[in-house]
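Notebook open, coffee ready. I want to look up a few charged pairs, then some strands, and jot down what turns up.

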Amino acid sequence: MIQWNKVSRKVVIEMTPLQQRIETIEDTICQACERVGRDRQEVTVIAVTKQVSTERTQQVLESDIVHLGENRPEGLLAKQQAIPQGAVWHFIGNVQSRKVKEIIERVDYLHSLDRISIANEIQKRSAEPVDCFVQVNVSGEDSKSGLKPSETEGFIEALKDYDKIRVIGLMTMAPLTEDREEIRNVFKSLRELRDDLASKNMKHAPVTKLSMGMSNDYSIAIEEGATHVRIGTALVGSESEGDE
Ligand SMILES: *Cc1c(COP(=O)(O)O)cnc(C)c1O
């Protein structure tokens, strides 16, 4: 927002709360990169818009964040109808196999591949190869989806003949805990698994990317090698608070 300040006789650029949050996140990311000697360019911010309106989502895009994440087919379709172009779409939620056909031609990245039934549907329904992250349940909580770390290699090898699937990386969710070391260990384990799988040089599965880190833990995730952070509330805010 550009305003004329009568007292100082200057044009002042006033940031909206959304722009302020984005700036805070940007600073935090740069500092995390600096601490571990990474290049800021290695990290892609995905704004998770699942809990906000299409208006707020539009404002996010206007703030130059083009990667958007949704976790339900309905939410994705509604946002895409309102925002026909300019965004890169990430599907980050669990998807039922019968719903794959509704989304697969509409997303640029799928972060939640963890079952052969989903892979079969993608193979059947997609005209083009889809960039996928394989979801791994590193923390082992029952409530979380994803493969066991020990099952991941076998799962990825089994996708060799699926020419509509490209396994570009791994995705995980940190456990719900205040213990920052426990969270860090989960991210570290995912990175080690990624390094191991990447070293196999599988043609269909380069496995170079790491999708990890949300509002509460993205700086730890970046220190541990995240290439994609999925940030919801800390970025988009919560509209119920009427903060804008
Ligand atoms: C909701 C969600 C996020 C973002 O969560 P915040 O804590 O709001 O940042 C990230 N990843 C997945 C898979 C989600 O469902």
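I started with Glu-181 and Arg-184, whose side chains meet in a salt bridge at 3.7 Å, N to O. This is a predicted model, so I keep that in mind for everything below. Both residues sit in helix H7 (residues 180-198), and because they are 3 residues apart there, about one helical turn separates them. Next I checked how covered they are. Glu-181 has 48% relative accessibility, so I wrote it down as partly exposed. Arg-184 has 18%, and since buried means under 20%, it counts as buried.

Then I asked myself: which other side chain does Arg-184 meet in a salt bridge at 2.8 Å? It turned out to be Glu-223. This pair links distant parts of the chain, with Arg-184 in helix H7 and Glu-223 in helix H8 (residues 218-223), 39 residues apart. Glu-223 is buried, and so is Arg-184. I followed the links further and got a network of salt bridges with Arg-35, Glu-181, Arg-184, Arg-191, Glu-223 and Glu-224 in it. A reminder to myself: side chains of opposite charge can pair when their charged atoms come close.

The whole structure holds 20 salt bridges, so I looked up one more. Glu-42 and Arg-38 meet through their side chains at 2.9 Å, N to O. Glu-42 is partly exposed at 39% relative accessibility, whereas Arg-38 is buried at 16%.

On to the strands. Is strand S6 (residues 109-113) enclosed or open? I found 5 of its 5 residues buried, so S6 is largely enclosed by the rest of the structure. I then looked for its partners. Strand S5 (residues 88-91) pairs with S6 in the parallel sense over 2 bridges, and His-90 stands opposite Tyr-109 in S6. Strand S7 (residues 130-135) also runs parallel to S6, joined to it by 3 bridges. There, Leu-113 has Val-134 in S7 as its bridge partner.

S6, H5 and S7 together make a right-handed β-α-β unit, so I took a look at helix H5 (residues 116-125), where Glu-121 lies. Glu-121 counts as buried, at 13% relative accessibility. Leaving aside neighbours within four places in sequence, Glu-121 is in contact with Ser-97 and Val-100.

Last stop, the surface. Ile-2, Trp-4, Val-11 and Ile-13 make a nonpolar patch of about 490 Å². Strands S1 (2-5) and S2 (10-13) are the elements that each give two or more residues to this patch. Ile-2 lies in S1, and I noted it as exposed, with a relative accessible area of 63%.

Definitions and conventions. Residues numbered from 1 in each chain as written. Predicted model: local features only at pLDDT ≥ 70, side-chain atom pairs only at ≥ 80, totals over all residues. Heavy atoms only, no water. Patch = residues over 30% accessible without salt bridge, like charges linked within 9 Å, V, L, I, M, F, W, Y side chains within 5 Å. Areas by Shrake-Rupley, 256 points an atom, 1.4 Å probe, with all protein chains shown as cover. Salt bridge = Lys/Arg side-chain N within 4 Å of Asp/Glu carboxyl O. Helix = DSSP H or I, 4+ residues; strand = E, 2+ residues; numbered from the N terminus. Buried < 20%, exposed > 50% of the residue type's maximum accessible area, 1.4 Å probe, protein only. Contact = heavy atoms within 4.5 Å. Pairing = 2+ DSSP bridges. Right-handed = clockwise from strand over helix to strand, strands pointing away.
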